[in-house]
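Q: Take me through this one, please. For each label you use, tell me what it rests on.

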Amino acid sequence: MAPKLLLTFVIYRLISTVGLTLDPTDLLRLEVDGHLSVDPSDVKTASVDFGMMNRAEPLAVLHPSSAEDVARLVGAAYGSAHGLSVSARGHGHSINGQAQTSSGVVIEMSASKGVRQWGLPRVSEQSRYVDAWGGELWIDVLKTTLEHGLAPKSWTDYLYLSVGGTLSNAGISGQAFNHGPQISNVYELDVVTGKGELLTCSEEQNSELFHAVLGGLGQFGIITRARIGLEPAPQRVRWIRVLYSNFSTFTKDQEYLISLHGQPPNQKFDYVEGFVIVDEGLINNWRSSFFSPRNPVKISSFGTNGGVLYCLEITKNYHESTADTIDQDVEALLKRLDFIPSSVFTTDLPYVDFLDRVHKAELKLRSKGLWDVPHPWLNLFVPRSRIADFDEGVFKGILGNKTSGPILIYPMNKNKWDDRTSVVTPEEDVFYLVALLRSALDSGDEAQSLEYLSNQNRQILRFCDDAGIKVKQYLPHYTTQEDWVDHFGDDKWTLFSKRKMDFDPRRILATGQRIFKPMAASAW
Ligand code: FAD
């Protein structure tokens with residue numbers, strides 16, 4: 001169907017579905033080179049996300065072929081009299097419908113239907129950066145940069161996420177203590193604001209927009225290009241896991257390791273994460289295939305009598321040319337740690353296999369029908385001063401001995417985060433990510449049900465509130481503006497609202513975040 005015809009259809013659907021009266025000529029004048037679709041399968045895809053807990057059907061889906069297409073659509077929505085919302089969708093890996101809308105158009109940034117005028121990521125070897133389309137998946141960014149012997153410095157654990165999607169949150173993994181989150185490693189962006197303007201921004205140019213968009217939850221513009229800093233790509237990774245039964249020893253060692261961020265490369269690890277093991281049984285979890293399933297490691301073999309264990313996960317990158325010193329460097333670092341002596345597990349693998357480790361787990365879960373299930377995830381930044389209270393109250397308290405998924409815990413240095421961006425972190429030099437990555441199953445076991453796990457999440461948040469633990473949600477989800485104000489704090493909320501007025505005054509972008517009431521109230 002020709003774009004104009006399709007748009008007419010969209011407008012009539014809009015009028016009949018939500019009772020809005022638009023000035024159709026605004027949209028009818030729209031010429032896009034990409035593909036505007038009302039195909040039920042496109043609409044269905046855009047109606048759901050990884051969380052599988054929210055559903056909202058857009059009126060149409062745009063597969064853009066260029067930044068100009070994005071600008072044309074947003075410009076038309078901005079110009080329409082009664083508010084048509086526009087939500088960029090990266091890879092739809094949100095939990096709570098953040099990339100959805102029911103009274104507007106979803107722009108599928110990652111799907112490659114239609115002609116991609118933006119092409120593959122472009123690498124500058126000399127200046128060590130890559131220019132990537134906002135909907136590019138990180139796995140594809142990595143593949144391209146590796147052809148030049150280069151790679152981004154800061155990652156997420158999983159690479160089938162879009163550049164624009166993670167930069168709208170922060171983008172964190174075990175490298176963040178050293179390089180900061182992904183939003184600290186961006187040099188320049190092209191952004192389509194809520195007024196439909198396509199602007200280039202950086203520290204020097206349109207800097208307010210640049211900082212607003214980073215960690216901005218899609219509220220100020222749609223990222224169509226990101227210039228990301230690169231480093232020489234390591235060839236191999238030494239991947240090590242060690243266990244602790246004592247929480248304070250575990251966190252002391254984690255904090256020591258991240259305090260080494262300013263040291264020369266051979267005197268620090270390249271990645272510091274960790275996880276909590278509450279379940280009796282296999283240490284293995286879906287996030288990675290580190291331990292061989294044929295040789296499962298039982299918690300009980302470490303004599304915890306059913307208690308909680310903590311696993312520190314660290315890596316050292318290296319080139320084959322320096323392979324002879326890697327054992328020595330790792331040994332010297334491990335000697336300074338206080339883990340259970342018999343609990344060192346080591347593996348060695350190509351760099352790309354390490355970065356892409358979670359995808360293997362995804363394939364395994366998919367084959368068992370366990371990927372497309374509801375995911376009531378809860379991600380919290382917990383201030384260092386209260387992490388022990390969190391351990392007592394949540395890991396050893398509220399969770400009982402069933403977790404329904406991996407629980408990550410690792411600290412980060414606040415000085416690697418830029419306060420001018422829109423993201424919010426606790427007011428302490430060091431804070432922890434605690435990620436409860438649970439899957440709800442219809443197994444007949446109440447403790448695995450969506451209702452049970454959702455209640456438990458609420459209980460954890462209530463516990464933090466009652467105990468005065470000033471956590472901040474990462475990938476935040478709130479449904480009232482009061483909660484959002486509380487999340488940002490007075491000063492940041494004032495700035496966030498002002499940025500909204502400046503860059504998306506009609507509140508048409510990313511309404512699925514439920515931060516600002518959209519002009520078309522039914523958009524939520
Ligand atoms: P979407 O879910 O599609 O979008 C997220 C938000 O960003 C929406 O509001 C959307 O409107 C907006 N948006 C999307 N594209 C753009 C754009 N181009 N410009 C402006 N706004 C845009 N996060 C981490 O930090 N570290 C991890 O290790 C990590 N691991 C994960 C593992 C799995 C299996 C999953 C499912 C998620 C993980 N995440 C992690 C969370 C991830 O960062 C978020 O889900 C994020 O939203 C990225 O997903 P997406 O690209 O699919 O974006």
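A: Let's start with the naming: helices (H or I, at least four residues) and strands (E, at least two) are DSSP runs, numbered from the N terminus. On that basis the protein has 16 helices and 18 strands, and Gln100 lies in the loop between β3 and β4. Bear in mind that this is a predicted model: local features need pLDDT of at least 70, side-chain atom pairs count only at pLDDT 80 or more, and totals for chains, interfaces and linings use all residues. Residues are numbered from 1 along each chain as its sequence is written, and side-chain values use heavy atoms, with hydrogens and water left out.

Q: Why does Gln100 count as buried?
A: Buried means under 20% relative accessible area, exposed means over 50%, and partly exposed is in between (1.4 Å probe, protein chains only). Gln100 has 4% relative accessibility, so it counts as buried.

Q: What is Gln100 in contact with, leaving aside its neighbours within four places in sequence?
A: Contact means heavy atoms within 4.5 Å. By that rule Gln100 reaches a list of residues including Ala46, Asp49, Arg55, Ser87 and Thr511. Ala56 is also among them, and its backbone nitrogen lies 3.4 Å from a polar atom of the Gln100 side chain.

Q: What makes β3 largely enclosed by the rest of the structure?
A: Four of its five residues are buried, so that description fits β3.

Q: How do you know that β3 and β4 pair?
A: Two strands pair if DSSP finds at least two bridges between them. β3 and β4 (residues 104-108) have five, in the parallel sense, so they meet the rule. One of the partnerships puts Ser85 with Gly104 in β4.

Q: Which residues come nearest to the ligand?
A: A residue is near a molecule or strand if one of its heavy atoms lies within 4 Å of it. There are 34 residues around the ligand, and Ala88, Gly90, Ser94, Asp157 and Tyr474 come nearest. The shell splits into 14 nonpolar, 18 polar and two charged residues. For that count, Ala, Val, Leu, Ile, Met, Phe, Trp, Tyr, Cys and Pro are nonpolar, Asp, Glu, Lys and Arg are charged, and the others, Gly among them, are polar.

Q: What lies 2.7 Å from a nitrogen atom of the ligand?
A: A polar backbone atom of Ile172 does. The ligand's oxygen atoms have partners too: one is 2.7 Å from an N or O atom in the side chain of Ser162, and a backbone N or O atom of His91 lies 2.8 Å from an oxygen of the ligand. Taken alone the ligand exposes 960 Å², and the protein buries 96% of that (areas come from the Shrake-Rupley method with a 1.4 Å probe; for residues, only the protein chains shown count as cover). The elements giving two or more residues to the shell are β3 (85-89), α6 (163-167) and β10 (221-232).

Q: Why does Tyr478 count as buried?
A: Its relative accessibility is 16%, so Tyr478 falls on the buried side of the cut-off. Tyr478 sits in the loop between β18 (472-473) and α15 (481-488).

Q: How do you know that a polar contact joins the side chains of Tyr478 and Gln473?
A: A polar contact is a pair of N or O atoms within 3.5 Å; within protein, one must be able to donate a hydrogen and the other to accept it, and residues adjacent in sequence count only if both atoms are side-chain atoms. The Tyr478 to Gln473 pair comes in at 3.4 Å.

Q: What makes β14 and β18 edge strands?
A: The eight strands form an open, antiparallel sheet in the order β14-β11-β13-β12-β16-β17-β15-β18. β14 (345-350) and β18 each pair on one side only. Elsewhere in the sheet, β15 (residues 378-383) pairs with β17 (residues 430-436) over six bridges, with Val382 opposite Tyr432.

Q: Why is Arg507 called partly exposed?
A: Its relative accessible area is 29%, between the two cut-offs, so Arg507 gets that label. Ala510 has 10%, so it is buried. Most residues other than glycine have a negative phi. Arg507 has a positive phi near 55 degrees, and the phi of Ala510 is near 45 degrees, positive too.
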